[in-house]
Amino acid sequence: MNLRPALGGFLALSLSLLPVAAHAQALANSGSPLPDQPYTLFYPDVMVTSGEIGGPLTINHPTLPLQCVLTVVPVEDTGWTAEGALAALDVQTVAAGWTESLPGFTVLESKVTSYQSDQALQYLGTSQGETGTTVTLVHTETVSGGNGYTLDCFYATEAANEAGPIADNIIANFSTRQDAQPVVTP
């Protein structure tokens, strides 16, 4: 997995911002432009989206060092479950997979969590960035309707009190359905 281009801008942004208090904000949403890859992603309306049709959707917070990336790909393993993925999770292999883009990445915890629509595997880890900034990654994944969904949120660990709850709400509100409504507000 190579996220270095997206993370490079994120890391630069994280160094230039001081932690700010997160305030309740209105929600915006993005839905899939592809009918065979449905999803609804809710996020604070101040976040800025980017991406191409069929590619990852990236959302960036303008005042916090927070970035989330949603990727949807077709999969053949329709028997995948979050519980099975958690039981088979090899944290050393996961850490090694992130090492190129997140040097020194360490998995701190793993569990089954809930999206709005499905159960998902979640793990949380940290990396000491090249600039000395510690980055937290919250990775989630699920399989639904023949698609694999990953939702990764990255934030500067020093901003965890502000960025962490926003990332948690983005994850809790994510749905693999196109017509979802928000259930958790930031």
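1. A good place to begin is helix H3: Gln 92, Thr 93 and Ala 96 are exposed, and they sit on the face turned away from the helix's buried side. Do keep in mind as you read on that this is a predicted model.

2. Now for the other side of H3, which spans residues 91–98: here Val 94, Ala 95 and Trp 98 are buried. These three lie on the same side of H3 because the arc they cover around the axis is only 100 degrees. As background, residues three or four places apart in an α-helix point the same way, since there are 3.6 residues a turn.

3. What do the buried residues of H3 pack against? Their partners are four strands: S6 (106–114), S7 (119–128), S8 (134–144) and S9 (147–156).

4. The N-terminal end of H3 has a cap as well. Asp 90 provides it, with a side-chain oxygen 3.1 Å from the backbone nitrogen of Gln 92.

5. Turning to the interior, the largest nonpolar core has 26 residues, and those touching the most other members are Tyr 39, Leu 41, Leu 66, Leu 70, Leu 151, Ile 170 and Phe 174. Two or more residues each come from strands S2 (40–44), S4 (57–60), S5 (66–74), S7 and S9, and from helix H4 (160–173). H4 contributes the most, five residues.

6. Phe 174 deserves a look in your viewer. Leaving aside residues up to four places away in sequence, Phe 174 touches Tyr 39, Thr 40, Leu 41, Leu 70, Tyr 115, Gln 116, Ser 117, Tyr 149 and Leu 151.

7. Another core, of 11 residues, lies apart from the largest one; Val 69, Ala 95, Phe 105 and Phe 154 are among its members.

Notes: Residues are numbered from 1 along each chain as its sequence is written. This is a predicted model: local features need pLDDT of at least 70, side-chain atom pairs count only at pLDDT 80 or more; totals for chains, interfaces and linings use all residues. Side-chain values use heavy atoms; hydrogens and water are left out. Buried means under 20% relative accessible area, exposed over 50%, partly exposed in between (1.4 Å probe, protein chains only). The arc is that of the directions from the helix axis to the C-beta atoms. Contact means heavy atoms within 4.5 Å. A polar contact is a pair of N or O atoms within 3.5 Å; within protein, one must be able to donate a hydrogen and the other to accept it, and residues adjacent in sequence count only if both atoms are side-chain atoms. A nonpolar core is a set of buried Ala, Val, Leu, Ile, Met, Phe, Trp, Tyr and Cys residues joined through side-chain atoms within 4.5 Å.
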